[in-house]
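Okay everyone, thanks for coming. Have a look at this one with me, and then I'll walk you through a few parts of it.

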There are 4 protein chains.
Amino acid sequence: MTSRYSYTPPFAPRGRAGVAPTPPWHYAADFLTIAFEASQEAVAAVLPKGLDADAEDGRVLCTASFAAWQACTDEGDEFLDPSRSQYSECLIFVGARLGDEAVFHCPYIYVDSDLSMVRGWLLGYPKKFGNVHTTRAFNLQSPAAPALGPEGRFGGTLALHSRRLAEGTVSIEHEAEPDAPIFGSRPIIGRRHFASLYEGEQGAPAIDELTRLRGENFQISQIWEGAATLDFNESPTEDLDLLGPVKVLRGYRYSVAMSNRYNIRVENLRASA
Amino acid sequence: MTSRYSYTPPFAPRGRAGVAPTPPWHYAADFLTIAFEASQEAVAAVLPKGLDADAEDGRVLCTASFAAWQACTDEGDEFLDPSRSQYSECLIFVGARLGDEAVFHCPYIYVDSDLSMVRGWLLGYPKKFGNVHTTRAFNLQSPAAPALGPEGRFGGTLALHSRRLAEGTVSIEHEAEPDAPIFGSRPIIGRRHFASLYEGEQGAPAIDELTRLRGENFQISQIWEGAATLDFNESPTEDLDLLGPVKVLRGYRYSVAMSNRYNIRVENLRASA
Amino acid sequence: MTSRYSYTPPFAPRGRAGVAPTPPWHYAADFLTIAFEASQEAVAAVLPKGLDADAEDGRVLCTASFAAWQACTDEGDEFLDPSRSQYSECLIFVGARLGDEAVFHCPYIYVDSDLSMVRGWLLGYPKKFGNVHTTRAFNLQSPAAPALGPEGRFGGTLALHSRRLAEGTVSIEHEAEPDAPIFGSRPIIGRRHFASLYEGEQGAPAIDELTRLRGENFQISQIWEGAATLDFNESPTEDLDLLGPVKVLRGYRYSVAMSNRYNIRVENLRASA
Amino acid sequence: MTSRYSYTPPFAPRGRAGVAPTPPWHYAADFLTIAFEASQEAVAAVLPKGLDADAEDGRVLCTASFAAWQACTDEGDEFLDPSRSQYSECLIFVGARLGDEAVFHCPYIYVDSDLSMVRGWLLGYPKKFGNVHTTRAFNLQSPAAPALGPEGRFGGTLALHSRRLAEGTVSIEHEAEPDAPIFGSRPIIGRRHFASLYEGEQGAPAIDELTRLRGENFQISQIWEGAATLDFNESPTEDLDLLGPVKVLRGYRYSVAMSNRYNIRVENLRASA
């Protein structure tokens, strides 16, 4: 049981059944990212201990991304069985400060794969299941295929339990400046949290720690930028709408590739309780 | 009720609810096509009256394609709500002759969208629901992103009621010759068939006709070609496995865009009964 | 090809692949039905030629039902492969008059199965894909299992393309009177409509007829009745919200079983055009 | 943030977004359970340290269950929004000994809900996503509704990534004896395991412990018993087929209700490493 899939349950004799494989994990994705401002109060309300809202004049830079991922291990063949290696995700990042450092924290993230969900919980992402869709480009001129360039329009949607939770669009105008607030533009500080189940211990988690996600071999395509729209809808369970948006900024369409090998420990929130 | 969506039921006051909109329909897709040979008998068994197997030495050229589509009407905005405009499809074409003309007929086709399913029934495609997945390319070098070019490997899968029905792969070697048996390489002759429900009339359909599908503004990307694999599995309901494959030929990866405006009448199979 | 599954495409050699089997069709279902009133104008706007709104003081009795079905043919084994024989459905019926006869017409209906969708189109139901869920009863006392009797509460939901379209609840009070407006309480007059695809013919359907659905061996369980809620949400494609409800009446929880063998012809709407 | 949904991430201001709510959890389910024998070696290969195969003559009593659940918290209204409170699950239990005590351990379990998946990981169940379907009963006589009693036949199916993994049927003959090996007939010993992500620590989990699941207010319906079939299929990722079955025993159809309030600690597997 020392195989690549003996990292997480279930632990099965052939060593292939674990829901998430042993790192490293390799990823590629098409991203639609929409930058927006949320109020300092709203961001502070979703930050764990140890992180502060990175506010200016009471407002915080945040992003909502709709991403179509393909992932594999060093074995590298998983993409030939696409239902196992592809998933779609909506990621919300809020601007935060870890001491003097400007970082992103991810308070909400929705995905449609159990592998990605468990991997995310281990990494420090609070993943729930959601349905995410994004417009595709096809490198052909057609009314059905937006240009991946000026005048191309792209949309992303998020639904949870059959309710539309978020919708955004980007109308491409030109290439982005290098400092665009895209995925990878700031370090990501996650929170690894696993609840306890034992009598009298349910108020305190078994694990609760700040953790730094560490990407390697980060690659990025040309980044297209344009005017954006973004709406968060009310829901009986989700609080995305509390983030506003107070103001919608610019939108970006790009592709990324990267690997994850390990996280870096930041702070044990249980110890500091 | 003369709007774009008053072409099919349901007919609703605002004219937007019809499951399939009024033509023209515009499409773009990424295709993975695997050519194969089936026996003349197996092909003859899935052809309607009026079509003959296009056999040579008892074998018939057929193709299995795994396609990721995006479609819209002249309104052109549907791709901003991707869950309404995207769908994945597995298309099986068998070589046939309509008189002297070499054509393709589609005996089996599986899709994951009601719009596409109803549109297909109207066009002459016998669509059923299935789950189709295909490997994606990302224009970035990563273990998770196969090259769209030499050494890139792509896979496609089809499932029905949670059973794997078909799986294929293509390992790209070089660009294809112009006569590659891809989507659009032959006219497609479909069969529009709608059963009757009335007492004593269930043995004879209300509509049963051969129909010529007519694409317009057909565009195609670079076509990549390489070695292929293709397997059809047994199933309690489907007969794909009867097509073999007797021999797997070459595989192709490419993108297409096209429009449909109307079909051309070929033959009323009821009249000829 | 004279088997039970050679009634609809695809037509495959073993005679099992047709999306909908040859009648008779046998069904059982748990129903949650909520009666409501819509305005005469709103109902008239969804009725085909040949049917009039069955109005009293400008209001029409309508029902919204959330149903969990299980269906099979005479072969009778399909329910052992439940993903092929089960589906959930939301059915909207509006009160109409066919001459002197009080009937129901179904302007909107949403289901999660291709078999049921195609069968519905053949029968005269304008089915689209939707996600439908209903509360279950379990014959056990638990906070997780509402009583199938007084004080039991049941809910139904409908979603389309990840938007909540309808939600209803029933709080059971007592058994219903025999004249409750449940499924089966009036004849159902459907509309069989199949569009034409040919040049110059797209404005006139190939088939357009009023048809009487004919259930046999109708059985019904005890019918529970109580206070109800019902909401239709706006949507970019659907017009359910135009039906109001103007007033929510009572709700019902019951089970039905029935068979379909054939429809009865009512009127050819093309001939009367 | 002391609400019922502040037990697990994500932690959101209104206290409703956590993927799994704070205990207690209340459940009701319809169960189809098929008892079978696996070889001692096959069972030993899926047991964690601290548990031994409960073998007799080299064979171990195991069960495969297909269950349709409905669950809620003390708030008790979740079942009115059924897509949030219902899920289907396939549970594999193998006979084990914890010292002198005969228990069940669950090496494999598949579910279609993120709430249930996360709750399961916290409880000590190694849940993955799967598609599970079971035949329904309707309390009506119909070819579409098997009797919940003698001659009634019920089936269950499990699929993973669109492959059929398990299928079972039960043909009811009579009521079961009180010692039937159904859900709840033995204590369940789970394994809570959460991997570490840090450099050099990935070989040792952050949490790895044996834990005793503790049901309360367990209720059970009449238990029907009959002849059974059970098949596990090969898969590129799962090892269910290694459990055989060596011999299929009897099958059971019944309903259960129960609550979970907390687990009981058994053994820290990290400490004993």
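I'll go through a helix, then a strand, then how two chains relate.

Quick housekeeping: this is a predicted model, where local features need pLDDT of at least 70, side-chain atom pairs count only at pLDDT 80 or more, and totals for chains, interfaces and linings use all residues. Residues are numbered from 1 along each chain as its sequence is written, chains are lettered from A and ligands numbered from 1 in the order written, and side-chain values use heavy atoms, with hydrogens and water left out.

So, the helix. Helices here are DSSP runs of H or I, at least four residues, and strands are runs of E, at least two, numbered from the N terminus. In α3(A), residues 114-123, 10 of 10 residues are buried, meaning under 20% relative accessible area with a 1.4 Å probe, protein chains only. Among them are Arg119(A) and Trp121(A). At the N-terminal end, Ser113(A) is the cap, with a side-chain oxygen 3.3 Å from the backbone nitrogen of Leu115(A). After the helix comes Gly124(A), with a positive phi near 115°.

Next, β15(A), residues 247-260: 10 of its 14 residues are buried, so the rest of the structure largely encloses it. What does it pair with, if pairing takes at least two DSSP bridges? β1(A) runs antiparallel to it over 12 bridges, with Ala29(A) opposite Val256(A). β13(A) is antiparallel to β15(A) too, through 4 bridges, and Glu216(A) partners Ser259(A).

Last, the chains. Superposed by least squares on C-alpha atoms of residues with pLDDT of at least 70 in both, chain D lands on chain A after a 180° rotation with 0.0 Å of shift along the axis, RMSD 0.0 Å. That's a two-fold axis relation.

How values were computed:
Buried < 20%, exposed > 50% of the residue type's maximum accessible area, 1.4 Å probe, protein only. Polar contact = N/O pair within 3.5 Å; in protein donor to acceptor, adjacent residues only side chain to side chain. Pairing = 2+ DSSP bridges.
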